[in-house]
Amino acid sequence: MGILDIKDATLRFGGVVALDSVSYEVQEGEIFSLIGPNGAGKTSMLNCISGLYKPSSGSIHFKGEDITRYKPHKRASMGIARAFQNIELFPHLSVLDNLMLGRHVRMKTGLLAGGFYWGKAQREEIEHRKKVEQVIDFLEIEDIRNTPVGTLSYGLQKRVETGRALALEPDILLLDEPMAGMNSEEKEDMARYIIDIHEEMNTTIILIEHDMGVVMDLSDHIAVLDFGKLIGYGTPDEIQNNSRVIEAYLGEENAV
Amino acid sequence: MTFFLQMLVTGIVVGSVYALVALGFVLIYKSSDAINFAQGEFLLIGTYVCLTLITAYNIPFIAALLMALMFSAVLGFAIERIVLRPFIGEPVISMIMATIGLSSVLAGIVHIIWGHETRVFPRIFSEQPVKLGEIVIAPVYLWSLLIVVAMLIIFTLFFKYSKLGIAMRATADDQQAAMSMGISVKMIFAVAWAIAAIVSAVGGILLGNINGVNASLSAIGLKVLPVAILGGLDSIPGAIIGGLIIGILESLTGGYLDPLVGGGLKEVMPFVILVFILMFKPYGLFGKKEIERV
Amino acid sequence: GCSGGSEEASGDKKATVKIGGIFDLTGGTGDVGTPYAEGEKAFFESIAGEEINGYKLELIGDDYAYKIPEAQKLYQKLKSKDKVSAILGWGTGDTEALRQQVAADKLPFISASYSENLKNIDESPYNFLAAASYSDQARSVLKWIKDNHTGGTPTVALIYNDTAFGKSPIEDAKNYAKENGIEIVDEQIVDLKTLDATSQLLNMEKKNPDYTIINQTWGATATILKDAKKLGLDTQFIGLNWAAGEGLLPIAGDAAEGFIGVVTHAFPYEDLPGMEEIKKFVESKGEKLEDKNQKFIQGWVSAKIMVEGLKLAEDPTSGEGIRAGLEKISNLDLGGLAAPVTFSPDNHAGTNQIRLAEVKNGQFEVFTDYIGY
Amino acid sequence: MLTINNVEVMYDKVILVLKGMSMVVPKGKIVALLGSNGAGKTTTLKAISGLLKSENGEVTDGFIELYGERIDVSDAETIVKKGIFQCMEGRRVFKHLSVEDNLIAGAHTRKDRKNIKSDIQKVYHYFPKLEMLKHRQAGYLSGGEQQMLAIGRGIMAKPKVLLLDEPSLGLAPLLVKEIFGIIKKINEEEGTTILVVEQNANVALSIADYGYIMENGRIVMDGTVDRLLSNQDVREFYLGMGDKGRKSYKDIKSYKRRKRWL
Amino acid sequence: MRNPFVMDCGEFHVNYKQDMAIWKISRVRMRVFILLAIFAVFPMFASDYIVGLATLCGIAAIGAIGLNILTGFTGQISIGVGAFLGVGGYTSAILTAKLGLSFWIAMPTAGIVTAIVGGLFGLPSLRLKGLYLAIATLAAQVIILFVISRWDALTGGTAGMVLSRPELGSFVFYSERSYYYLMFVVLIITAAFTLNLFRSRVGRAFIAVRDRDVAAEVMGIDLFKYKVLAFIVSSFFVGIAGALLGHYTMVVSPELYSITVSIEYLAIILVGGLGSVFGSIYGAVFITLLPVVLRSGVEMMSGIFPDLSAVLIGMKEVVFGLVIILFLIYEPQGLAKIWKNIKDYFKLWPFSY
Ligand SMILES: Nc1ncnc2c1ncn2[C@@H]1O[C@H](COP(=O)(O)OP(=O)(O)OP(=O)(O)O)[C@@H](O)[C@H]1O
Ligand SMILES: Nc1ncnc2c1ncn2[C@@H]1O[C@H](COP(=O)(O)OP(=O)(O)OP(=O)(O)O)[C@@H](O)[C@H]1O
Ligand SMILES: [Mg+2]
Ligand SMILES: [Mg+2]
């Protein structure tokens with residue numbers, strides 16, 4: 001059994017069927033990609049995993065536990081982290097504070113301890129600050145550490161957002177188009193980070209991306225959605241040769 | 001039964017006055033996502049102008065009414081130009097606060113010009129109550145019901161189909177994006193405030209006929225806020241149905257519950273029910289949901 | 001030269017006693033607060049040239065917009081900065097809020113609130129009531145009802161608002177009624193800013209009271225009278241002093257006909273000996289007495305009573321002195337402007353006397369002499 | 001026709017972002033503007049369309065001209081009326097309006113109101129998906145669907161100059177090609193001048209006539225598409241091609257050649 | 001030795017503790033201490049009147065910090081502060097006057113009771129947001145006042161209750177000066193607590209909830225818990241302010257806690273700066289003193305133009321409103337931002353660009 005197990009997930013909004021009885025498993029430690037045309041239900045899938053949407057039917061198991069009805073914050077504390085397609089940072093906070101927030105579930109200081117800021121609370125802050133600085137180094141965003149993220153350019157915000165998810169030290173990392181709005185050099189950087197995270201921390205990664213080069217190169221497995229239905233699942237090679245996938249999504253020439 | 005019907009009808013007609021005032025809130029919210037705390041003062045100024053035209057210049061009511069409405073429109077425009085323009089693109093909360101400041105400025109001006117004694121409209125609506133079977137209604141309330149229904153139709157059509165109406169909704173949604181469509185946010189604000197001022201003046205003039213005019217009339221502004229919220233801050237039908245509901249609730253509470261607890265619940269009950277309803281409909285009865293898509 | 005000048009100046013200051021004023025000009029009760037404050041100011045202006053008990057008097061007052069925190073700040077200022085020796089106040093809420101401080105700071109305080117609470121000398125040793133308390137007004141009205149009612153036990157309903165002011169006389173009125181064989185059949189609460197009192201009136205109608213006593217201000221009173229007329233209610237409305245007054249008439253229109261009001265102070269159009277000095281002063285300012293109203297007279301009289309206390313004081317510069325002076329006032333004749341006033345060390349309620357007036361042809365006509373209970 | 005001359009832009013009166021930016025967009029052509037994250041591309045577009053002011057930014061030096069007329073002093077709505085329309089970064093659809101009302105709002109400044117109906121049909125023809133969604137509130141659309149709508153609004157405006165900020169963002173590969181096809185078509189059929197900011201340099205250069213590359217607030221390279229395509233740096237950093245064609249992302253070294261313009 | 005002619009050209013922090021301190025530079029720390037010292041000794045030299053005003057400012061500042069925690073930092077607008085002040089004031093009044101407890105027990109208890117009541121009225125934040133939530137707090141205002149004025153047996157109804165000044169041993173905080181110091185200590189604790197709170201985990205979570213609640217939830221922040229917690233913490237301080245105010249004015253009555261008070265507190269934090277502890281203090285001083293200053297202005301003017309006094313009183317309102325509007329136009333982020341700009345200017349001066 002995989003670390004994440006989706007069974008018959010169906011999601012409806014009024015008449016719209018965003019997910020139509022989708023089932024698949026994600027294995028621990030793999031890079032798993034979700035692809036499909038616009039409006040296929042990829043983001044909705046991530047929303048179901050991170051708890052923002054509740055599937056109308058079907059179930060989601062994480063590390064063997066049924067999390068279908070859990071609230072998002074509960075899932076985060078179990079080790080599911082997420083970066084969003086449309087940037088969802090805290091615009092008035094600095095990069096540093098955004099990342100510190102990523103560590104929320106790993107910290108303990110409560111209201112009173114925080115307010116009086118006595119020994120333990122202070123030590124905890126410092127200890128986690130160190131962790132966050134590592135992420136900052138890793139993503140090479142040292143120079144914008146204290147800038148409010150709201151004023152950063154699109155691409156930099158995307159990077160900070162990935163960093164925030166990383167700071168949580170998750171078991172499974174959900175990335176929704178992390179490379180949108182980047183040029184190929186920046187994409188290479190991002191790809192390198194993703195590989196590093198994956199290798200160094202053995203984090204399971206679910207990736208949504210429209211750049212087929214990235215997807216095919218990085219993924220261990222790929223699932224393809226179209227109109228909410230799973231129309232393909234397999235290794236990159238298998239997907240590239242799947243005629244349904246080619247027709248619905250890749251187009252002839254992207255199929256190498 | 002007659003008692004119940006009388007309570008119901010009283011609620012409906014009083015509610016229609018609330019609805020009219022609440023409409024002012026909705027119009028401004030619809031174009032700028034802000035709440036106008038100066039609504040009560042708008043109402044007051046429009047009313048005073050109309051009154052002054054009638055009493056000091058002996059202008060017939062209808063003419064005075066039209067002139068007062070025109071004045072209100074100009075006032076709305078002027079306020080946009082002088083006070084609100086710098087708030088375009090600023091957080092909504094600053095604009096809300098500015099309207100609190102504005103209410104103080106307008107109240108001061110009213111005080112300087114009209115002083116503080118209660119003034120009375122010359123009889124415009126007949127005093128003779130209208131009788132529906134055993135139920136009696138004061139004519140001024142019937143008028144307000146009529147006006148409210150007319151406004152409901154006009155504004156619903158306006159926002160749904162007219163170019164300006166769509167542009168107003170777009171502006172409330174995202175000011176910067178609206179600008180990038182070539183929508184003049186300034187113009188939208190000016191028009192919205194002018195219309196809101198006009199609607200308030202109509203409400204004020206009706207109210208002035210009920211209880212006379214003095215500075216404390218402006219308190220109706222805050223009193224009616226729950227009405228706007230209940231209906232959904234950006235919904236025209238919401239304001240009207242909200243007004244009627246709160247009117248009826250007040251009246252029925254006054255009729256049936258107050259005698260049990262020794263009075264006073266009439267003013268509180270609408271709030272209790274309001275919160276209760278909001279728990280099920282967090283954006284009021286017809287308000288637009290905040291869209292959270294990630 | 002120089003030093004002499006400054007000594008003179010400080011000497012001058014010593015010769016002035018300052019009285020503080022807490023007015024509502026722009027707040028919720030500004031419509032009646034403004035003429036009341038004008039009356040007080042006018043009285044002080046009329047004696048500006050005179051020396052009272054060896055001192056010049058000065059009224060220093062300001063608007064507090066009927067906001068209690070503002071009243072508190074204003075009081076602090078009057079006390080600490082202007083160093084006033086006594087205060088003319090206004091509303092029930094603020095007067096009660098200040099009474100402890102007033103007591104601690106030993107500043108005599110006459111306000112336009114006639115709340116029964118203030119009569120308690122132990123709790124409010126420095127508050128003085130210049131007219132009948134709301135409770136006394138209600139008692140006097142009830143007594144009048146008892147004396148004039150024909151046929152059976154009179155039944156009475158009470159209408160008031162849910163504020164300190166509105167509820168002030170209610171308990172006392174009920175007790176008095178019980179003791180005197182009057183039946184209180186109903187009570188209704190009507191908000192000060194109400195637009196409609198139909199529900200309360202219909203409920204009241206079920207009890208069919210002979211009389212209805214209203215403790216409200218003009219706006220709410222007018223609403224009640226108009227709705228009652230609309231519904232065809234058959235009860236005699238009697239309003240306490242803030243419900244009665246000229247301001248009610250234009251708002252209530254025809255509905256006011258037959259309404260009876262408690263009058264604590266005279267109307268300017270009454271021909272009374274006490275009216276002369278007011279007329280003289282007003283005309284000296286190029287204004288007309290007809291343009292003034294009853295609240296103006298009320299303010300004037302309150303100020304006059306305060307000054308009377310100063311006259312009788314041994315030490316008119318200190319609050320304690322003025323209090324002692326006020327307590328010497330005995331049967332002060334106000335020339336018919338108000339009931340004669342008497343204070344003593346164990347009684348700070350100047351009178352319990354009122355008159356009643358009925359609205360006839362759009363004017364209040366006084367139809368009783370000063371009556372009490 | 002659209003000239004940007006030595007423009008400096010400052011945010012909040014302290015943050016200098018454009019440092020002497022110059023470029024020319026000739027009439028009826030497609031110009032591509034490339035550059036890395038934070039280079040100032042979006043800022044450049046906002047400076048042209050007058051949207052800077054609502055973000056506390058201002059043009060502090062230099063000027064921007066349309067047909068020889070200065071526009072850097074006008075406000076946003078006047079600039080739109082003059083015929084410059086920007087499709088903003090991050091879609092910025094009106095969330096609470098229906099798809100169709102969004103399109104109508106896009107046509108706000110147009111005088112020929114009677115053609116609006118047929119233009120809406122044209123947009124639906126380009127993006128059949130939108131027609132299926134036309135009564136839906138735009139806020140609920142998926143990222144890519146919103147992107148189509150944003151571009152659709154640009155079409156509705158019928159501007160003389162269309163500024164596109166990353167039109168391919170979040171679109172599926174098939175659609176990216178389609179969109180650029182549509183851009184080309186608008187350019188050819190309506191004669192619309194187009195300035196497109198794009199990260200996907202491959203497709204952008206495939207339809208553009210001329211390209212600019214900016215770094216750190218100024219232009220560091222420009223030229224015809226052929227010239228840019230043959231430049232080794234451009235090939236490596238923007239087109240993702242090593243000496244021997246495309247390399248795999250898996251093989252990227254931790255230490256690699258970094259670009260250093262200037 | 002350091003060369004006295006070389007200025008620091010930047011701030012260098014060699015460890016995280018330094019970098020995370022509230023006032024990072026020793027010079028700034030010095031300045032804060034000097035300011036504190038000034039405020040500690042100034043009552044010795046000022047008149048009772050001024051000290052009294054300062055006390056009112058300080059109490060308003062405590063309440064405003066409380067409100068700012070809820071509205072400025074957590075983004076939940078409240079129009080119910082007035083009533084929560086009332087809950088604090090009444091709790092303390094009942095505990096001291098009816099149960100004979102000491103002020104030193106009553107004041108914190110007032111905070112706790114208000115926190116509980118605040119938490120209860122914060123429950124709708126589970127579903128409500130923005131202005132809709134604001135109306136729920138307005139409902140709190142109306143309902144609480146209704147209960148207070150109806151529960152005669154406990155609260156004395158509309159007549160209100162009388163309180164006494166606190167005592168410590170045989171010392172009574174009767175003088176303006178002594179009460180000022182009492183307020184001062186509470187204010188410092190409140191401010192320090194809040195400053196600390198917002199540089200640690202819980203405070204950051206509050207801000208995250210304000211900025212983007214969906215993202216906050218996905219980062220593991222329990223929205224409901226933190227929203228209600230914000231109501232609780234905020235109401236605690238408001239309750240403390242209410243108790244302090246009650247014992248200062250020595251009276252509580254429903255009329256003291258009307259909706260105008262709620263709006264005034266909103267004005268304080270908006271003028272002062274949303275999400276700023278110092279802003280709350282500046283704002284409280286500003287909004288408390290503005291009417292006082294305007295009043296003396298009017299007094300002066302009416303000495304010169306006695307006939308204009310009616311106009312001048314109207315002018316007072318006009319100016320009050322205008323000042324607020326101009327403030328917002330000139331600096332929508334409030335006094336705190338203005339102060340920061342001044343500091344930035346001097347930090348960079350003479351190289352301001
Ligand atoms: N909250 C919602 N309410 C209504 N419809 C929704 C909602 N969320 C998603 N949808 C619809 O569900 C479908 C799938 O959307 P989703 O965002 O999952 O697509 P996607 O695969 O991520 O597309 P893209 O690549 O464009 O981001 C879309 O048609 C969208 O309009
Ligand atoms: N409103 C703002 N306030 C302050 N600084 C800003 C603002 N907007 C942008 N900046 C800064 O200006 C610089 C350029 O931003 P811009 O958005 O123009 O970059 P871009 O080239 O579009 O990048 P991307 O490809 O990531 O979208 C960035 O460093 C950014 O931090
Ligand atoms: Mg998506
Ligand atoms: Mg950009």
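This passage describes one helix of chain A and several salt bridges in a predicted model. Residues are numbered from 1 along each chain as its sequence is written, and chains are lettered from A in the order in which they are written. Local features need pLDDT of at least 70, side-chain atom pairs count only at pLDDT 80 or more, and side-chain values use heavy atoms, with hydrogens and water left out.

Helix H7 of chain A (helices being DSSP runs of H or I of at least four residues, and strands runs of E of at least two, numbered from the N terminus) comprises residues 184-201, and its end C-alpha atoms are 25 Å apart, in agreement with the 26 Å that its 18 residues should span (1.5 Å times one less than the number of residues). Of these residues, 15 are buried (under 20% relative accessible area, with exposed over 50% and partly exposed in between, for a 1.4 Å probe and protein chains only). Within H7(A), Arg192(A) and Asp189(A) form a salt bridge at 3.8 Å, N to O (a side-chain nitrogen of Lys or Arg within 4 Å of a carboxyl oxygen of Asp or Glu). Arg192(A) is buried at 9% relative accessibility, as is Asp189(A) at 5%.

The structure holds 59 salt bridges over all chains. One of them joins Asp171(A) to Lys63(A), with the closest N and O atoms 2.6 Å apart; Asp171(A) lies in the loop between helix H6 and strand E7 and Lys63(A) in the loop between strands E4 and E5, so the pair ties together parts that are 108 residues apart in sequence.
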